[in-house]
Amino acid sequence: MPPAQPASNPFISSPTYLMACQQLRQVARETELDEGVAERLMLPKRSQIVSIPVRMEDGRTEVFVGYRVQHSLTSGASKGGLRYAKNVDLGEVAALAMWMSWKCGIMNLPFGGAKGGIAVDPAELRGGEKERLTRRFTDEIQNIIGPRVDVMAPDMGTDEQTMAWIYDTYSMKVGYACPEIVTGKPVELGGCVGRKEATGRGVVYCITEALNELRINPETATAVVQGFGNVGSVTSEELVKIGAKVIAIGDRYGAIRNDRGINVAKLLAYQSTNERKTVVGFPEAEAIPDAELFTTPCTVLVPAAMERVITGENANKLKCRVLAEGANGPTDPAADAILARSDIFLIPDVLCNAGGVTVSYFEWVQDLAQFMWDEEEVNSQLKKQMLRAFTRVREEAKKRKVTNRTAALSIGVQKVAREKAKRGLYP
C-alpha cells in the first residue's frame with residue numbers, strides 16, 4: 001500500500017486531497033497494488049502555480065492565484081476541467097486531477113487526469129475582467145498545455161466562452177487555429193454538439209440502469225437534486241424526460257420543494273431572468289432549509305455541486321434508494337462507511353459523472369480529424385460507453401463482493417497502474 005504522506009507534501013493541507021489519498025490507499029490494499037506504482041499514483045506528475053495580474057474595470061491591478069495539476073501523463077494527454085472558485089487551492093485541484101485519472105481509466109479513454117483552478121469568485125468579475133483573467137492564465141501555463149499534452153474543459157465557474165478565450169489565446173501563440181487545445185467550446189469553433197449536456201445525460205443513463213436493476217419504474221420515482229448549474233439542471237431535465245418527478249432542488253443560495261413535482265422548464269426560465277441566477281423565490285415551490293434537502297424522502301438523490309457535502313454527520317439521515325453522485329467527491333470516507341452498511345444503491349462519482357469527459361474525448365477526436373458528428377451519433381456513443389462502464393463496475397462489485405465505489409476505483413486505478421508498470425521508469 002502507498003506510504004503515509006510526508007510533511008513536505010504541499011497538498012496535505014487540503015481535506016479533499018487527503019480524501020482522495022484515503023480512497024487510493026483502500027484500493028491499493030484490496031488489489032495488492034505494487035508499492036512503487038502506488039507511490040507514483042499518490043502524487044501528481046506535474047503541478048504549476050502561477051500569479052495572474054489583471055487590470056480591473058476600475059483601473060487598479062489585482063493579482064489572482066491559478067493552478068494547473070497534471071496527475072498522470074502515462075495514458076496520453078492529461079485531461080480535466082478549469083474551475084473558478086473563491087476558495088480553490090492546490091490540494092483540491094490535485095484531488096480532482098487524481099479522480100479524473102480514475103474516471104478516464106473506467107471509461108477506457110486515452111487520457112490521464114488533470115485539473116485547473118483560479119481562486120476567484122466569477123460572480124464578482126465585471127466587464128472584461130473574466131476574459132482578461134482567462135487569457136493571462138492561459139499565457140502563464142502555456143509551457144505545460146497542448147493538444148497532445150494537456151487539454152482543458154469547463155468546470156465550476158467556467159463555460160464554453162471561457163474555452164473559446166483559451167482556444168484563441170493558445171492559437172495566437174502557436175500561429176494557427178488549434179481547436180483541439182480545449183473541449184467544451186462553442187460548436188461554431190469546433191465544439192461538439194451535446195457536450196454541454198453530456199455530464200447530466202450520463203448521470204441519468206446511470207440512474208436508469210440502477211432503477212432497472214432495483215426493478216423501480218422511473219415513472220414512479222421521485223428525485224432531489226443539489227446544485228442547479230450545468231450538471232444539476234441538465235440532470236433535472238433528463239429525469240423529467242424518463243418520467244421521474246423532481247420534488248426538491250437546491251443551489252448556493254437556498255433550496256425549494258414541491259411534492260407534486262417541480263416544473264423544471266419553468267424553473268430554468270425563472271433562474272435565467274433573476275439577478276442572482278438562483279432557484280430561490282420560484283413561485284411554484286416552497287422554500288426549505290438547506291439541511292432538509294438531503295433528508296427529503298425520495299427515490300433518487302443527486303448531489304451535483306461541491307465536494308464533501310455528504311458526511312459522517314448526515315449520511316445516516318439520507319432517505320433515498322439511489323445516490324447518484326453528479327459532483328466530484330460529494331461523499332467523504334466517513335459517510336462511505338455508513339452508506340456501505342445501508343441499502344442505498346450508490347453510483348460513484350468517477351462513474352456517474354464521466355459523461356462529460358467522455359464527450360470531451362469525442363470532441364477532441366473530431367477536432368483532430370476535422371470530421372464532426374451529429375448529436376444523434378454523440379448521444380448514441382455516450383450511452384453505449386456509459387452503460388458499458390456501469391456494467392463493468394457492477395460485475396466487479398458482485399464478483400469481489402465490494403461496494404460500487406471500491407469496484408469503480410479499482411478498475412480506474414488498476415488500468416493506470418498496469419500502464420505505468422508496462423512503460424516502466426526512465427532512465
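Let's start with strand E3, which is mostly covered: eight of its eight residues are buried. Before I go on, please keep in mind that this is a predicted model.

So who are the neighbours of E3? One of them is strand E4, residues 112-119, and the two pair in the parallel sense over six bridges. If you want to find that pairing on screen, look for Ser78, whose bridge partner in E4 is Gly112. Another neighbour is E5, which runs parallel to E3 and is joined to it by five bridges. Here you can look for Gly80, with Met152 as its bridge partner in E5.

Now let's step back to the sheet these strands belong to. Five strands make an open sheet in the order E1-E2-E4-E3-E5, and the pairing is mixed. Which strands stand at the edges? They are E1, residues 46-55, and E5; each has a single partner strand, so one side of each has no neighbour in the sheet. On average, neighbouring strands here are turned by 25° against each other, ignoring direction. Something also lies across this sheet: helix H4, residues 129-140, lies across E1, E2, E3, E4 and E5, and it runs at about 140° to E1.

While we have Met152 in view, let me introduce one of the residues it touches. Met163 is found in helix H5, residues 160-174. Is Met163 buried or exposed? Its relative accessibility is 0%, so it counts as buried. Leaving out residues up to four places away in sequence, Met163 touches Met152, Ala153, Pro154, Val182, Thr183, Gly184 and Lys185. For a sense of distance, Leu189 is 26 residues from Met163 along the chain, and their C-alpha atoms are separated by 10.0 Å.

There is a second sheet to look at. This one is open as well, with seven strands in the order E9-E8-E7-E6-E10-E11-E12 and mixed pairing. At its edges stand E9, residues 286-288, and E12, residues 345-347; each has a single partner strand, so one side of each is left without a neighbour in the sheet. Neighbouring strands in this sheet are turned by 20° against each other on average, direction ignored.

Let me pick out one pair from it. Strand E10, residues 300-303, and strand E11, residues 322-324, pair in the parallel sense over two bridges. Val300 is the residue that stands opposite Val322 in E11. Close by in the numbering is Val302, which is touched by Thr235. Thr235 is found in helix H7, residues 230-241, and it is buried, with a relative accessible area of 0%. Besides Val302, the contacts of Thr235 include Gly200, Val203 and Val204, not counting residues up to four places away in sequence.

Next comes helix H12, and here is a little check you can do yourselves. How far apart should the ends of H12 be? At 1.5 Å a residue, its 15 residues, 355-369, should span 21 Å, and the end C-alpha atoms are indeed 21 Å apart, so the two agree.

H12 is also mostly covered, with eleven of its 15 residues buried. Among them are Gly355, Val357, Phe362 and Trp364. What does the covering? The list includes our opening strand E3, along with helix H3, strand E5, helix H6 and helix H13. One residue of H12 that is partly exposed is Val365, with a relative accessible area of 28%. Val365 and Ser236 are 129 residues apart in sequence and 29 Å apart in space, C-alpha to C-alpha. Just after the helix ends, Gln370 takes a positive phi of about 55°.

Finally, the whole chain. It has 14 helices and twelve strands. Its radius of gyration is 21 Å, close to the 22 Å that the globule rule gives for 427 residues, so the chain is as compact as a globular protein of that length. Along its principal axes, the C-alpha trace spans about 55 × 55 × 45 Å. Buried residues make up 58% of the 427 residues. If you take contacts between residues at least 6 apart in sequence, 68% of those join residues at least 24 apart. As for the outside, the accessible surface comes to about 18,000 Å², and 49% of that belongs to carbon and sulfur atoms.

That's my tour, and thank you for listening!

How values were computed:
Residues numbered from 1 in each chain as written. Predicted model: local features only at pLDDT ≥ 70, side-chain atom pairs only at ≥ 80, totals over all residues. Heavy atoms only, no water. Helix = DSSP H or I, 4+ residues; strand = E, 2+ residues; numbered from the N terminus. Expected span 1.5 Å × (residues − 1). Buried < 20%, exposed > 50% of the residue type's maximum accessible area, 1.4 Å probe, protein only. Contact = heavy atoms within 4.5 Å. Pairing = 2+ DSSP bridges. Axes fitted to C-alpha atoms, helices over the stretch in contact; angles between N-to-C directions. Rg over C-alpha atoms; globule rule 2.2 N^0.38 Å. Areas by Shrake-Rupley, 256 points an atom, 1.4 Å probe, with all protein chains shown as cover.
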